[in-house]
Amino acid sequence: MKHTIITADYPIIQTTGGAVHGMEIDGVLTFRGIPYAQAERFAPPREVSWQGVKACYAYGDICPSEGTSLSTLYSTHRYWPASENCLNLNLWTSDVHAKKPVMFWIHGGGFSGGSSIDEALTDGDVLAKTGEVVVVSVNHRLNCLGFLDLRAYGERYKHSANLGLDDLVAALRWVHDNIASFGGDPDNVTVFGQSGGGGKIMALMQMPSADGLYHKAILQSGIMPISDTLRMSERHGQLTVQALGLDKKTIDEIQTIPYSRLCAASREALQQMGPGHFDAYGPHPDAEHVLDDFLTAGFRPETAHVPVMAGTCIGELSLFGPGGLKPSLFTQEEKDFLTHEEKVERLRSYFGDDAPQIAEALAQAYPGLDPLYATSIDMNIRPRNEQYVHARSGFASAAVYQYVLAYTVPVLEGKLAWHGADLGFCFGTLERSDSLCSGEHAHSLMVKMRDAWISFAKTGNPGVDSLPKWQAYTHEHPATMIFDTQCRCEESHDKQLLALLKKHQKPMF
């Protein structure tokens, strides 16, 4: 049972907006729902202040959205009140008189869903309890509230397409101005995020307004090129306005339209745009406020000094489909009793004549992994991650590190680490997921990953004594740390496998 302390005068911290009153839970000072800015529909975030002492015991409202993140299927999901004024953050620290590295968490769920508290796995109490870091998690505007492109409708809406990113910049500025009062170092802030959170970090690194507010970056399954969104964003905004029955003269009526109707119009617009437009939400480059991604505009010189760690999970979205779980492609009995030759024959139905080569390449990349798992290897996010770290290592003066979580989680006859499975490991919160914490090697692997994340936040180098030497990725030595029951750092370990799988690549959705 957790031990909680709240007294009239403890813990109280003065911020630029006003005083906040938190809790001490098992030695970790916890503040939930601290407002960092004020949100009004389709307007940039504004400064916020209050009188007296604000009780920050409960999480703040989250942004309204539709559905939940796929990654929550195997973890504890939390639902919470939502409102458009959702600009708040949560903070965990063990010593307000210290000067510790700050880890600033940005949640996943694409650019349309999720929240800072979506999954109990991403609470920062365990990381903070190590005594080595201060952790912050943030809510911001999403979907049509944060990324609807209305720039064609006048000066009032010129920032509407990137408000969710402006919110994140405002939150980082709040951290810069206030984190020292919570024991954090404003000059040592690491932004880290998974899936859409990683995509948001990619966008932040292309925003001049974010410069100097973060110093390191960790992108977890989140390499998301944004060039395509520019081509569709303006059309999506116009179709949404038309679906609402508005035009340039009546556009301001959009300010009072209920969110449910606004969201429905946005979805109707996507359908009108035709197949292939799964989601128009996301950063919208404008050549000034938000630059295009690295594939089109290149990396900004202002970020060359920022160390980056980027990685993926070996299975990623192979476990999921649009309707939830995909049916298993093979059984435990097949793994246990089929011969190697029979397994290769089973793979022919998926890979044709490439099956023998793929099975051999899989054995070289991941020794000991059953050949049948070739059907579950990620073919989408991992190649993009390799492309990103290769490009960045040739540009940046700071080190770039790559990893793959290759752990086989012993649930449902054994599943390769899926999209979001890394969260419980890097946050040190495996016990909050009945599936992830199973297996004799899970806890020791968790400690290694948690400590590597903390080490990177401290120094920009994820190396720790419990791991083999983690080499930075370079063109000459394209190294990857492989997190598994036996961790190892290898160069181009899956190059052949990825090349063979590429011709069989299918869309993620």
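**Exercise 1.** Is Gln 402 buried or exposed, and what is its relative accessible area? Place the residue and describe its surroundings in this predicted model.

*Solution.*
- Step 1. Locate the residue. Gln 402 sits in strand S15, which spans residues 400-405.
- Step 2. Check the accessible area. The value for Gln 402 is 0%. Buried means under 20%, so Gln 402 is buried.
- Step 3. Look for a polar partner. The side chains of Gln 402 and Thr 480 form a polar contact at 2.8 Å.
- Step 4. List contacts beyond four places in sequence. Among them are Ala 310, Arg 382, Asn 385, Trp 470 and Tyr 473. Thr 480 is on the list too, along with Ala 479 and Met 481.

**Exercise 2.** Where is Thr 15 found? Work out its burial and its partners.

*Solution.*
- Step 1. Thr 15 belongs to the loop that joins strand S2 (12-14) to strand S3 (19-21).
- Step 2. Its relative accessible area is 6%, so Thr 15 counts as buried.
- Step 3. A polar atom of the Thr 15 side chain lies 2.6 Å from the backbone oxygen of Gly 18.
- Step 4. Skip residues up to four places away in sequence. Thr 15 then touches Val 20, Trp 50, Trp 174, Asn 178 and Phe 182.

**Exercise 3.** Why is helix H4 described as largely enclosed by the rest of the structure?

*Solution.*
- Step 1. Count the buried residues. In H4 (residues 196-204), 9 of the 9 are buried, so the helix is largely enclosed.
- Step 2. Name them. They include Gly 196, Gly 199, Lys 200 and Leu 204.
- Step 3. Find what they pack against. The partners are strands S8 (100-106), S10 (184-194) and S11 (216-220), plus helices H3 (163-178) and H10 (381-393).

Methods. Residues are numbered from 1 along each chain as its sequence is written. This is a predicted model: local features need pLDDT of at least 70, side-chain atom pairs count only at pLDDT 80 or more; totals for chains, interfaces and linings use all residues. Side-chain values use heavy atoms; hydrogens and water are left out. Helices (H or I, at least four residues) and strands (E, at least two) are DSSP runs, numbered from the N terminus. Buried means under 20% relative accessible area, exposed over 50%, partly exposed in between (1.4 Å probe, protein chains only). A polar contact is a pair of N or O atoms within 3.5 Å; within protein, one must be able to donate a hydrogen and the other to accept it, and residues adjacent in sequence count only if both atoms are side-chain atoms. Contact means heavy atoms within 4.5 Å.
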